[in-house]
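Welcome! Here is a short tour of a few residues, from the surface to the interior. Take a look at the model first, then read on.

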Amino acid sequence: MIIPNQSNITFSYTLPDGLAERDSQESNIVNTEILTYSVPKVKSSNKTSVQQGGTAHHTVTVTNNSATQLFNNTFTDQMSAGASYVAGSVKVNGVAQPSYDPLAGFALPNLNPGESATIDIKADNPSTNTPVTNFATINYTIDDPARGNVNYSENTNTVSLDVFANKLTVEKVVDKAFAIKGDILHYVTTVGNMGDLDNTDIVFKDPIPVGTTFVAGSVKINGTSYPAYNPEVGFDLPDLEVAAFVIVEFDAKVN
């Protein structure tokens with residue numbers, strides 16, 4: 001973006017014959033290039049939401065559309081609380097830079113007019129239910145004809161990732177800590193949806209322990225008998241909404 005400016009002077013004068021005249025004179029035009037618009041710095045992510053502990057891929061592209069070279073360029077990137085970067089994941093213009101740390105910052109190549117730099121980073125997301133926000137800071141220097149070297153620091157746009165939990169809890173108990181041959185062991189498994197999303201297509205499997213035999217017809221789900229079900233083969237459980245539970249019971253006889 002160029003901001004031009006020009007002065008205009010109007011003035012009066014009297015000719016030798018006594019006739020009064022009025023005229024105007026314009027100055028030369030001076031231009032100031034606004035680097036904020038001439039050097040776009042765009043941050044993006046391959047995801048808008050991610051599971052707790054998941055990984056997102058962030059990309060920052062810096063383009064020099066100005067009329068001057070950008071040099072002494074550096075890059076830093078800060079994540080909001082709880083998130084972190086995957087060590088060794090930084091790439092600059094497609095070249096891996098395993099020693100680069102986005103938090104500490106690192107150098108970028110000089111950018112002549114028309115050139116770009118692309119920075120790729122992998123980010124780990126935390127065990128949090130709050131969105132993760134992130135922006136990068138680009139520092140650069142230009143040679144201003146009027147002032148000499150001038151340093152600038154500007155931020156990219158902010159990227160936000162929603163973080164969700166997809167967590168099932170599976171807890172199992174047996175009614176006997178000690179048993180003898182011929183005893184019946186009663187197993188109870190409680191499956192709970194402790195995450196933020198509904199769970200579907202849930203399949204229960206339970207290999208019958210060595211030294212025991214499954215008691216046919218003993219399976220119950222939430223208190224309802226399912227005589228055809230066999231834990232060894234597996235069977236479907238009902239969908240679980242957030243905070244919902246399902247209880248699976250069956251018996252095995254000690255051989």
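Thr130 counts as partly exposed, because its relative accessibility is 46%, a value between the cut-offs of 20% for buried and 50% for exposed. You will find Thr130 in the loop that runs between strand S13 (116–124) and strand S14 (132–144). Although Thr130 and Val163 are 33 residues apart in sequence, their C-alpha atoms are 6.3 Å apart in space. Please keep in mind that this is a predicted model.

The table below sets out three other residues by place and accessibility.

| Residue | Element | Relative accessible area | State |
|---|---|---|---|
| Asp236 | strand S23 (residues 235–237) | 54% | exposed |
| Tyr37 | helix H1 (residues 35–38) | 57% | exposed |
| His58 | strand S7 (residues 55–63) | 3% | buried |

Two of these residues belong to surface patches. Asp236 is part of a patch of negative charge on the surface, where it gathers with Asp198, Asp201, Asp239 and Glu241. Tyr37 belongs to a nonpolar surface patch together with Met1 and Ile3. The accessible area of Met1, Ile3 and Tyr37 together is about 330 Å².

What about the residue from strand S7? His58 counts as buried because its relative accessible area of 3% is under 20%. Which side chain does the side chain of His58 meet in a polar contact? The partner is the side chain of Asn134, at 3.3 Å.

Definitions and conventions. Residues are numbered from 1 along each chain as its sequence is written. This is a predicted model: local features need pLDDT of at least 70, side-chain atom pairs count only at pLDDT 80 or more; totals for chains, interfaces and linings use all residues. Side-chain values use heavy atoms; hydrogens and water are left out. Patches are made of residues with over 30% relative accessible area and no salt bridge: like charges are joined within 9 Å, nonpolar side chains (Val, Leu, Ile, Met, Phe, Trp, Tyr) within 5 Å. Accessible areas come from the Shrake-Rupley method with a 1.4 Å probe; for residues, only the protein chains shown count as cover. A salt bridge is a side-chain nitrogen of Lys or Arg within 4 Å of a carboxyl oxygen of Asp or Glu. Lys and Arg count as positive and Asp and Glu as negative; His and the chain ends are not counted. The place of a charge is taken as NZ of Lys, CZ of Arg, CG of Asp or CD of Glu. Helices (H or I, at least four residues) and strands (E, at least two) are DSSP runs, numbered from the N terminus. Buried means under 20% relative accessible area, exposed over 50%, partly exposed in between (1.4 Å probe, protein chains only). A polar contact is a pair of N or O atoms within 3.5 Å; within protein, one must be able to donate a hydrogen and the other to accept it, and residues adjacent in sequence count only if both atoms are side-chain atoms.
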